[in-house]
Amino acid sequence: MLPRRWLRTDPDRPRRISFGADYNPEQWPREVWDEDVRLMREAGVDVVSVGIFSWARIQPAPGEWDFAWLDEVIDLLHANGIGVDLATATASPPAWLTTAHPEVLPRTREGHVLSPGGRQHWRPTSPVFREHALALVEALAARYGSHPGVVAWHVSNELGCHNAYDYSDDAARAFRTWLEARYGTVAGLNHAWGTAFWAQQYGSFDEILPPRLAATFPNPTQQLDFARFSSDALKAHLVAEREVLRRLSPDVPVTTNFMVMGGTRAMDYADWAHEVDFVSNDHYVTAGRDELAFSAAFTSGIARHRPWFLMEHSTSAVNWQPINRPKRQNELVRDSLTHVAHGADAVCFFQWRQSRAGAEKYHSAMVPHAGSDSRLFREVVRLGGLLRDLDPVAGSDRERGQVAVLFDAESRWAGELDSHPTDRLDYHREALDWWRALTDLGIRADVVPADADLDAYPVVIAPVLHVVPSALRDRLEAYVRGGGSLVATYFSGIVDENDHIWLGGYPGALREMLGIRAEEFRPLADDETEPLSLGVSGDLWSEPIDLVADDVEVLATYTSGDLAGGPAVTRRGVGSGSASYVSTRLGAEGLRALLPELLAPAGVSSELPDSLIGSVELVARRAGDDVFWFLLNRTDDEIALAGVEGEFLVGGGALEPRGVAVLRR
Ligand code: GAL
């Protein structure tokens, strides 16, 4: 069960959609702070994150503390009705610490030490770092833990953003302890890691190392366990800071900003979510608005559909992509409200005022270099107003989708390991393709971890669910027997929790339920495709499938080459439900052609009027009997909203290009 807390605010104040940013006043002279607060009020800002990178300012030398400036900032914000999400300031260690203790610096897989001079240059497992970090947390919690202006604690910052994998000696020691707890005996580890292969047998835990750069592929289970361990090591740091905060400041909820977005893969946030009082996320647009919506949907899945906090996104351009383009008209508002649609009850940005100096001076902010007399600041003020119109939504859960797409950290880690049938597999892309195809068809889709409660969904899609331990297999079978429709793709069900192959043919753990069997994988070359009888083609992967059970229905066949006439997509009735298999990669376009056949028997169809299907993403939130519909224009065209009934809170009549409407139904 995830705890259900939210910002500590005046209990008489009605819940609202919070609005704000990271606020870094230490970058500015004192007189700017007054203007900051005046402009925050003008924009309707009610919460800011303070102190994220302030360690060196708060503790300029060992044993020396400077809180005066922070006292003043927090008091000033509080006096103006702006809550402080106070950071523990441990994200970026000061120069005095890394000079005195270079042993806190992380080491890469190749053995290089990462230098200070950037940020987050610390080992998650360093006892020295931990001691200094917790002393800082303790000092902050003791001083501000009951300050009425502090509405939440913000542990560190984006744990693992730059230091997710550390291969140092500290990491080696902690990895051994972690392995001993997992396996108990070295014999257990030898079995799990399959060390009979390549003479990798260990005589004791002391001989074990992280998977550092090796002569060739390191042991795959060692790699998988190191991925698990690395996520756990960062989580342990989160928990260590949180424990100090809970002890000294029990009334203030604790969160930390996750990075559910595109390429972030090292942290198992579905697991971490159990350790925070509410889920927070940072998201930056890297791969278009569908990826944004997909990530927001997954954040909601991680938060078990309860409200979550959008801690950071950008008002316009970032500074860290090869080419950093500003957002177009309406994108600032649409991006923000897409997150709200998917359950965000706070909309915050990095950062309040655009920096003059430092690595992020070309990164957009709420107050740009041009100042408050700017198009961007006016857009920020407009967004602040729209959030007030959305206050009736605050506190409501996101409504469950019609279909669930499973997103499983272990399958991503294990499925993308080296020495596999293809190195082209992209777990995230596959899941996103399914989500996009569902959205194209006007279906409301969730993205949920594999341990989510599946019974509420008529259809569950398992893209590349590579790791299927027997307990998960049993749960999926029970879901199907109980009436659910499961759709699994290629490279699913192949290994157990130790990355050992399920024997007897593919797709391993799911083979019997699906009633099919493949002896070999047939990955495709980059320029190769496999046409299907559906009229679309697969790429990346194909399989020669034998039908084993008599009652397997073939929904599509391969139509050319060696596989011609062989099954490509199958379905089998099992109990009161069905289990389908898609043996190739169809991409969003191909899946659009296939999905109606998979959805119709389960009674799933779009709730949108036909004229909106494809161009509009529909997301719903529910508060008691009130259902709020968010209609998000995915296109650059204006769209008439014919056939949609309800009381409009935002927009109405027509959707502007990239526009948003919200209505109560
Ligand atoms: C985040 C980080 C912020 C800022 C932002 C820029 O990763 O938490 O401090 O660097 O990215 O996009």
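Q: How many cavities of 30 Å³ or more does the count come to?
A: The count comes to three cavities of 30 Å³ or more. Keep in mind that this is a predicted model.

Q: What volume does the largest cavity have, and how many residues line it?
A: The volume of the largest cavity is about 110 Å³. Its lining is made of 17 residues. I443, R444, A445, E617 and L618 lie nearest the centre.

Q: Which elements give two or more residues to that lining?
A: They are helix 14 (427-440), strand 12 (445-448) and strand 22 (616-623). Strand 22 gives the most, with five residues.

Q: What should I know about salt bridges, and how many does the structure hold?
A: Start with the general idea. Side chains of opposite charge can pair when their charged atoms come close. The structure holds 56 salt bridges.

Q: Which residue forms a salt bridge with R123?
A: The partner is D170. The closest N and O atoms of the pair are 3.0 Å apart. R123 lies in the loop between helix 4 (95-100) and helix 5 (127-144), and D170 lies in helix 6 (residues 169-183), so the salt bridge ties together parts that are 47 residues apart in sequence.

Q: Are R123 and D170 buried or exposed?
A: Both R123 and D170 are buried.

Q: Where can I look for other pairs, such as those of R388 and R473?
A: Take R388 to begin with. Its side chain meets that of D391 in a salt bridge, at 2.9 Å from N to O. R388 is partly exposed, with a relative accessible area of 25%. Now take R473. Its side chain meets that of D474 in a salt bridge, at 3.2 Å from N to O. R473 is partly exposed at 22% relative accessible area. D474 also counts as partly exposed, at 43% relative accessibility.

Q: Which residues are joined into one network by salt bridges that share partners?
A: The network joins R289, D290, R436, D440, R592, E617 and R634. You have met E617 before: it is one of the residues nearest the centre of the largest cavity.

Q: How many disulfides are there, and why is C161 in none?
A: The idea is a distance test. A disulfide needs two cysteine sulfur atoms within 2.5 Å. The count here comes to zero disulfides. For C161, the closest cysteine sulfur is in C348, 18 Å away, so the two are too far apart for a bond.

Q: Is C348 buried or exposed, and what of C161?
A: C348 counts as buried, at 2% relative accessibility. C161 is partly exposed, with a relative accessible area of 28%.

Q: How many residues of helix 11 are buried?
A: Eleven of the eleven residues in helix 11 (residues 331-341) are buried. Among them are E331, R334, D335 and H339. L332, V333, L337 and V340 are also buried.

Q: What phi does G343 take, just after helix 11?
A: G343 takes a positive phi of about 115°.

Q: Which residues have a positive phi although they are not glycines?
A: The general picture helps here. Most residues other than glycine have a negative phi, and most peptide bonds are trans. Q120 has a positive phi of about 55°. The place of Q120 is in the loop between helix 4 and helix 5. Q120 is buried, with a relative accessible area of 4%. S419 has a positive phi of about 55° too. S419 sits in the loop between helix 13 (409-415) and helix 14. At 42% relative accessibility, S419 counts as partly exposed.

Q: Where is the peptide bond cis?
A: One cis bond runs from F350 to Q351, with omega near -5°. Q351 is in the loop between strand 9 (344-349) and helix 12 (375-389). Another cis bond runs from Y506 to P507, with omega near -5°. P507 is in the loop between strand 14 (485-489) and helix 16 (511-514).

Q: What do F197, W198 and F217 form on the surface?
A: They form a nonpolar patch. Together they have about 360 Å² of accessible area. F197 is found in the loop between helix 7 (186-193) and helix 8 (220-248).

Conventions. Residues numbered from 1 in each chain as written. Predicted model: local features only at pLDDT ≥ 70, side-chain atom pairs only at ≥ 80, totals over all residues. Heavy atoms only, no water. Patch = residues over 30% accessible without salt bridge, like charges linked within 9 Å, V, L, I, M, F, W, Y side chains within 5 Å. Areas by Shrake-Rupley, 256 points an atom, 1.4 Å probe, with all protein chains shown as cover. Salt bridge = Lys/Arg side-chain N within 4 Å of Asp/Glu carboxyl O. Helix = DSSP H or I, 4+ residues; strand = E, 2+ residues; numbered from the N terminus. Buried < 20%, exposed > 50% of the residue type's maximum accessible area, 1.4 Å probe, protein only. 1 Å grid on protein atoms, 1.4 Å probe; cavity = no way out; pocket = protein on both sides within 12 Å on 5 of 7 lines; lining within 4 Å. Points joined across faces, edges and corners; volume = space filled by probe spheres on them.
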